[in-house]
Amino acid sequence: MDKRGFMGDMILTELEDIVGRENVSTSESEKLTYGVDYFWISRMWADRGRRPPQADYIVRPGSSGEVSKILKIANYYKIPVHTWGGGSGSQGGALPMAGGIMMDLKRMCRLIEIDEESRTITAEAGMVFQQLEWYANEKGYSCMHIPSCLTCGTIGGALAHRGIGIMSTKYGKIDDQCITMEVVLPNGDIINTLPVPKHAAGPDLNQIFIGSEGTLGVMTKATFKLFELPENRQFRAFMFPDMTAGFAAGRDIMQKVKPSILRLFDEAETTSIIKKIIGVEEKGSFMNLALEGDKRIVDIEMEIVCEICQKYGGRDMGSEYGEKWYENRITFFYPGNIMDIPQMFGTMDTVADYKHIEQIYWAMKNAIETNFPGVRFIAHCSHWYEWGTMIYDRFILDDPPEDPEEAIRLHNRIWNTGVRAAMAHGGVINDHHGIGLKLSRLMKEQYGPAMQVLEGLKKSLDPNGIMNPYKLGL
């Protein structure tokens, strides 16, 4: 189909009829904008003067009804559909690799309800999560989903890749916080998952769509838990002799108390980023944590934490560094502090049980630094569970190839090496950044024969294959 000719103009007028002419664009400048997110390859590609992937139509629906009508048109003409929230994703999950329609949901940003009796908040999926948090704060609550992309990521984006915030160790990931959702299926049907997630009425439909990255439908509305703002929040920092001691302390802490924040940094990150941002001068594995809630309980929990850390050789550094970390939690990601073009970099976050996590850390570090001279590997563990933890591990290359094709080749080799080392030792492809285009090729390696379950869902819900092609291995 020639989307730029006669038929293309006919489709354009159909889309304009749904959302209004002012909410559809085919301008080259907008197409370029929606061809670059925070995925390193997309940014490098544009930086080298190459043309990024482009949609044929940029469409901004204002309601789930309009989303439904757009998907019906797309199904009829078999046009690919991609959804866009804040564009802050690092995995290329929103990039329009197959052209077609780019659906930007940010017009859908209305607050629907704050239910103080049930302690829930409901809003449309195009709302930036910071705005949702502000609405909650006005009533004395918090969603407790505080990611580094809080000020630029949307509700739909957080749900699409199963995102996580810095308070997850106590309050859970986005899938723990979500109560119910409205979803527009690829055929245009508008459905609602059940009003509560804990039931025996079959599988939890929330968990089918959360993390599906736009491949199974468009999430247009969601309800989340609300938590009372804590009466008391206490910070503490410790320096451990090595990661082994830090892993053991973190495991034991999780069996006794539930910190809102628990982060353990390897020596490479302690002596680089932590030193630069909050002034820690010592070598070792730095841990900072926060406990919060009723002060009487928090005081007792902090005593327990200190006892556990002392048992494993952790030196108590008091509250100052923990408070500094919290004050600078977004500063870490500002220009001048975060890796950026022209460097080559990536975050290979994985997650595993305590039995395997340290093996994975060393396997990934050795695989990256041995096979790719000049590449640095730094890591920290930022989200903890009763059974295990995750590693937020990053590689950094200061002088990557200038040629785009050679740069892509090297980038993907580094990713393949690191992620396969994680999987070989009991980890998974990713913990919370998602799969997108970046890791799509590794999904079949991760799932094996179980991949047919995801493929079956895709074929049943999206038989024409229009929803976000080439992402999530689907």
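A disulfide is a pair of cysteine sulfur atoms within 2.5 Å, and this cut-off is applied below to a predicted model.

**Exercise 1. Cysteines**

Determine how many disulfides the rule gives, and explain why C309 forms no bond with the closest cysteine.

*Solution.* Begin with the sulfur of C309, for which the closest cysteine sulfur belongs to C306 and lies 6.8 Å away; because a disulfide requires the two sulfur atoms to be within 2.5 Å, this separation is too far for a bond. Next take C152, whose nearest cysteine sulfur, that of C149, is 5.4 Å away, and which is in no disulfide. The count by this rule comes to 0 disulfides. As a last step, consider the surroundings: C309 is buried, with a relative accessible area of 0%, whereas C152 is partly exposed at 35%.

**Exercise 2. Aromatic pairs**

Classify the ring pair F265 and F286 by the angle of the planes, and do likewise for F395 and W415.

*Solution.* The search of the whole structure finds 12 aromatic pairs. For F265 and F286 the ring centres are 6.0 Å apart and the planes stand at 40 degrees; since planes under 30 degrees apart would count as stacked and those over 60 as edge-to-face, this pair is tilted. The pair links distant parts of the chain, with F265 in strand β13 (residues 261–265) and F286 in strand β14 (residues 285–293), 21 residues apart. Both rings belong to buried residues, F265 at 2% relative accessibility and F286 at 0%.

For F395 and W415 the centres are 6.1 Å apart and the planes are at 80 degrees, so the pair is edge-to-face. Because F395 lies in strand β19 (residues 388–397) and W415 in helix α15 (residues 404–424), the pair ties together parts that are 20 residues apart in sequence. F395 and W415 are both buried.

**Exercise 3. The second largest pocket**

Describe the volume of the second largest pocket, and state which element gives the largest share of its lining.

*Solution.* The volume is about 610 Å³. The lining consists of 27 residues, of which R162, G211, I435, M443 and Y447 are the closest to the centre of the pocket. Two or more lining residues come from each of α9 (206–209), α16 (443–447) and α17 (451–461), and the largest share, 3 residues, is that of α16. Sorted by residue class, the lining of this pocket divides into 14 nonpolar, 9 polar and 4 charged residues.

Key: Residues numbered from 1 in each chain as written. Predicted model: local features only at pLDDT ≥ 70, side-chain atom pairs only at ≥ 80, totals over all residues. Heavy atoms only, no water. 1 Å grid on protein atoms, 1.4 Å probe; cavity = no way out; pocket = protein on both sides within 12 Å on 5 of 7 lines; lining within 4 Å. Points joined across faces, edges and corners; volume = space filled by probe spheres on them. Helix = DSSP H or I, 4+ residues; strand = E, 2+ residues; numbered from the N terminus. Nonpolar A, V, L, I, M, F, W, Y, C, P; charged D, E, K, R; others polar. Buried < 20%, exposed > 50% of the residue type's maximum accessible area, 1.4 Å probe, protein only. Phe/Tyr/Trp six-rings, centres within 6.5 Å; stacked < 30°, edge-to-face > 60°.
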